[in-house]
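Hi everyone, thanks for making time this morning. I'd like to walk you through one model and a few places in it that caught my eye. Have a look at it on the screen, and then we'll go straight in.

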Amino acid sequence: FRLYTKIILLFILILTVHLILVEDLKIFEALTLAGFNIISAMTTTGFTINDYESWPYFAQALIIALLFVGGCMGSTSGSIKVGRYLILLKQCVSELRQSIHPRAILYLKMDGKKVEEQLLINVLTYFFLFILLTFLGTIILSLLGLDLLTSFTAVIASLTNGGIGLGLVGPGQNFEVIPALGKYVLALLMLLGRLEIYTVLVLISPAFWKK
């Protein structure tokens with residue numbers, strides 16, 4: 001939760017300053033727009049109160065980037081979740097220390113408790129599947145004739161259940177332009193994202209239905 005709060009506050013600060021300097025907005029207006037859009041993206045709520053697509057590309061990138069983060073573990077928000085990122089960050093630091101001190105015996109800990117290897121493998125696998133589904137979904141939508149920006153953000157909006165996109169699925173737009181096959185793909189991605197990927201993969205696995 002501490003990391004979650006720090007990410008939100010940091011992104012709100014960055015976006016507020018950016019809007020003041022680049023868009024020449026008043027402090028209160030910039031803070032309101034930045035706060036609402038950042039929290040909406042981070043919590044994968046999907047609400048908007050302005051056309052953020054008219055903002056500079058940097059501001060748009062901040063909002064889309066937060067869709068990859070999501071809320072806290074155990075929450076009803078979508079995406080990868082902050083808890084998994086925290087484990088991955090700690091693992092990166094641990095690997096770096098192991099490289100410096102190859103004979104050291106290091107343990108990955110969260111709140112003073114050792115993180116079991118199986119949990120780490122689960123997090124790494126989930127992260128890999130999430131990125132893989134993002135790439136596959138983007139390629140399929142691109143194959144159907146959609147531009148790269150629309151394809152990528154439509155996939156992210158669906159897989160994270162965030163609903164925020166750019167291009168033809170940006171604010172003020174909808175998914176009507178997506179071909180029928182593309183809608184089926186996005187619906188499947190929404191289901192995978194909502195049920196945390198593993199649940200759906202287990203259900204469609206032949207081994208699950210064997211006696």
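Let's begin with Ile204, which sits in the loop between helix 8 and helix 9. Please keep in mind throughout that this is a predicted model. Is Ile204 buried or exposed? Its relative accessibility comes out at 60%, so Ile204 counts as exposed.

Ile204 has company out there. Together with Leu201, Val202, Leu203, Phe208 and Trp209, Ile204 forms a nonpolar patch on the surface. The accessible area of these residues together is about 610 Å². Which helices feed into the patch? Helix 8, residues 198–203, and helix 9, residues 206–209, each supply at least two of its residues. The biggest contribution is from helix 8, with 3 residues.

Now, just ahead of that region, there is a backbone detail you may like. Glu196 is found in the loop between helix 7, which spans 180–194, and helix 8. Glu196 has a positive phi, about 60°, although it is not a glycine. Its relative accessible area is 24%, so Glu196 is classed as partly exposed.

There is another residue to put beside that one. Ser79 is not a glycine, yet its phi is positive too, at about 75°. Where does Ser79 sit? You'll find Ser79 in the loop between helix 3 (57–67) and helix 4 (82–100). As for its surroundings, Ser79 counts as buried because its relative accessibility is just 1%.

While we're on buried residues, let me take you to helix 1, residues 2–22, and to Thr16 within it. Thr16 is buried, with a relative accessible area of 8%. What does Thr16 touch, leaving aside residues up to four places away in sequence? The answer is Ala30, Leu31 and Ala34.

Next, the cysteines. How many disulfides does a search of the whole structure find? It finds 0. Why is Cys72 without a bond? The closest cysteine sulfur to that of Cys72 belongs to Cys92, and it is 20 Å away, which is too far for a bond. A disulfide here would need the two sulfur atoms within 2.5 Å. Seen from the other side, Cys92 is in no disulfide either, with the sulfur of Cys72 as its nearest cysteine sulfur at 20 Å. Cys92 also counts as exposed, because its relative accessibility is 53%.

Let me finish by stepping back to the whole chain. It has 9 helices and 2 strands. Reading from the N terminus, the order is α-α-α-α-β-β-α-α-α-α-α. So you can picture the scale, the C-alpha atoms fill a box of roughly 55 × 45 × 30 Å along the principal axes.

How much of the chain is buried? Buried residues make up 41% of the 211 residues. The chain exposes about 12400 Å², and carbon and sulfur atoms supply 69% of that area. And for contacts with a separation of 6 or more, 55% come from residues 24 or more positions apart.

That's my tour, folks. If you'd like to go back to any of these spots, I'm happy to bring the model up again.

Definitions and conventions: Residues are numbered from 1 along each chain as its sequence is written. This is a predicted model: local features need pLDDT of at least 70, side-chain atom pairs count only at pLDDT 80 or more; totals for chains, interfaces and linings use all residues. Side-chain values use heavy atoms; hydrogens and water are left out. Buried means under 20% relative accessible area, exposed over 50%, partly exposed in between (1.4 Å probe, protein chains only). Helices (H or I, at least four residues) and strands (E, at least two) are DSSP runs, numbered from the N terminus. Contact means heavy atoms within 4.5 Å. Patches are made of residues with over 30% relative accessible area and no salt bridge: like charges are joined within 9 Å, nonpolar side chains (Val, Leu, Ile, Met, Phe, Trp, Tyr) within 5 Å. Accessible areas come from the Shrake-Rupley method with a 1.4 Å probe; for residues, only the protein chains shown count as cover. A salt bridge is a side-chain nitrogen of Lys or Arg within 4 Å of a carboxyl oxygen of Asp or Glu.
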